[in-house]
Amino acid sequence: MMRRLVKVVEEGRTTVEERMWSKRLTLILEEDRCVRCGICVDACPLEALSMTTVGKIIVEEKTCVFCGICDASCPFGAFEVQVDGVNRVMPVEFGVYPTFMSRHEVNDKCLPCTLCREVCPRKAIELHLEM
């Protein structure tokens, strides 16, 4: 079967779909969940994502291989990768890439106010303050 690639850009949502063999791979970017942090752009191993000067994420459909790194790395859940309509984070499922664990250090401009922990929508920030 020949590879068929479709990209649909609607207001607030970009959908890229590839039909190949008997599988349908879909990448969905929900722009209202994106905070323009650029983590996904830096994480994409094939540079299939880029950010415009106004912070809009562009998906290069001919480069994207639906690996799911963007989905796994986005702390705000702006991406979703599906296989045949079922949400999948492929790197974790297939063991292609390691899972993401990181430890972020802050510089001397950080105030130990803990606001970042309070506003994180995924409750992904743990603070261990030593004063």
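How many cavities of 30 Å³ or more does the count come to? The count comes to 2 such cavities, in a structure that is a predicted model, and the account below begins with the protein as a whole before turning to these enclosed spaces and to the cysteines found around them.

**Overall architecture**

The protein has 131 residues, of which 30% count as buried, and its secondary structure is made up of 4 helices and 7 strands. Read from the N terminus, these elements follow the order β-β-β-α-β-β-α-β-β-α-α, so that the chain opens with three strands and ends with two helices. Among the contacts in the protein with a separation of 6 or more, 42% are between residues 24 or more positions apart. The protein exposes a surface of about 9400 Å², and carbon and sulfur atoms supply 55% of that area.

**The two cavities**

The table sets the cavities side by side.

| Cavity | Volume | Residues closest to the centre |
|---|---|---|
| Largest | about 100 Å³ | Cys44, Ala48, Cys64, Cys67 and Cys70 |
| Second largest | about 70 Å³ | Cys34, Val35, Cys37, Cys40 and Cys74 |

The largest cavity is lined by 14 residues, and by class these are 13 nonpolar and 1 polar, with no charged residues. The second largest cavity is likewise lined by 14 residues, but its lining consists of 11 nonpolar, 1 polar and 2 charged residues.

**Cysteines without disulfides**

Cysteines are named among the residues closest to the centre of the largest cavity and among those nearest the centre of the second largest, which raises a question about their bonding. How many disulfides does the count come to? The count comes to 0 disulfides.

Why does Cys44 form no bond with the closest cysteine sulfur? The closest cysteine sulfur to that of Cys44 belongs to Cys67 and lies 5.9 Å away, which is too far for a bond, because a disulfide requires the two sulfur atoms to be within 2.5 Å. Cys44 is also buried, with a relative accessible area of 14%.

A similar reading applies to Cys64, whose sulfur has its closest cysteine sulfur in Cys70, at 6.3 Å, and this distance is again too far for a bond. Cys64 counts as buried as well, at 10% relative accessibility. Both Cys44 and Cys64 are thus buried residues, and both are named among the residues closest to the centre of the largest cavity.

Key:
Residues numbered from 1 in each chain as written. Predicted model: local features only at pLDDT ≥ 70, side-chain atom pairs only at ≥ 80, totals over all residues. Heavy atoms only, no water. 1 Å grid on protein atoms, 1.4 Å probe; cavity = no way out; pocket = protein on both sides within 12 Å on 5 of 7 lines; lining within 4 Å. Points joined across faces, edges and corners; volume = space filled by probe spheres on them. Nonpolar A, V, L, I, M, F, W, Y, C, P; charged D, E, K, R; others polar. Buried < 20%, exposed > 50% of the residue type's maximum accessible area, 1.4 Å probe, protein only. Contact = heavy atoms within 4.5 Å. Areas by Shrake-Rupley, 256 points an atom, 1.4 Å probe, with all protein chains shown as cover.
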